[in-house]
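User: I'd like to learn how to read cysteine links and buried side chains in a model. Can you walk me through it?

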Amino acid sequence: LRITVIPGKEIDTQIRALRDLPGGSVALVCGHSNTVGLMACELGGRSPALDCSPSGRNLEENVHDRLFVLTLPPPDRRPAAATEVRVLHYGKRDSS
């Protein structure tokens, strides 16, 4: 298990590190309402649970029950192939 810590303010570095992972890699990214949506959108994630407009890349601050599972296409198929997105919920479901 290799742990890499990249500060939350370094979103571009985080996205680059994820895109540079070899095919078949698994990564866990933890963040907050102001980073998770932005990262998912920047990695090609599209879902009704994500507002990827320039003004909507943050999740609402009262949303604490979401887990976004993104499966990126192999590097040689990007950007033509879509990033798969699954939105899961955990714990007590938030009202939004």
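Analyst: Sure, starting with the term itself: a disulfide is a pair of cysteine sulfur atoms within 2.5 Å. By this rule, the count here is one disulfide. This is a predicted model, where local features need pLDDT of at least 70, side-chain atom pairs count only at pLDDT 80 or more, and totals for chains, interfaces and linings use all residues. Residues are numbered from 1 along each chain as its sequence is written, and side-chain values use heavy atoms, with hydrogens and water left out.

User: Which cysteines does the disulfide join?

Analyst: Cys41 and Cys52, with an S to S distance of 2.0 Å. Cys41 sits in helix α2 (residues 36-42) and Cys52 in the loop between α2 and β1 (66-71), so the link ties together parts 11 residues apart in sequence. Helices (H or I, at least four residues) and strands (E, at least two) are DSSP runs, numbered from the N terminus.

User: Are Cys41 and Cys52 buried or exposed?

Analyst: Buried means under 20% relative accessible area, exposed over 50%, and partly exposed in between (1.4 Å probe, protein chains only). Both Cys41 and Cys52 are buried. Cys30 is in no disulfide, and the nearest cysteine sulfur, that of Cys41, is 18 Å away. Cys30 counts as exposed, at 69% relative accessibility.

User: And where is Thr83 found?

Analyst: Thr83 is in the loop between β1 and β2 (84-89), and at 12% relative accessibility it counts as buried. Contact means heavy atoms within 4.5 Å. Not counting residues up to four places away in sequence, Thr83 touches several residues, among them Leu43, Gly44 and Pro73.
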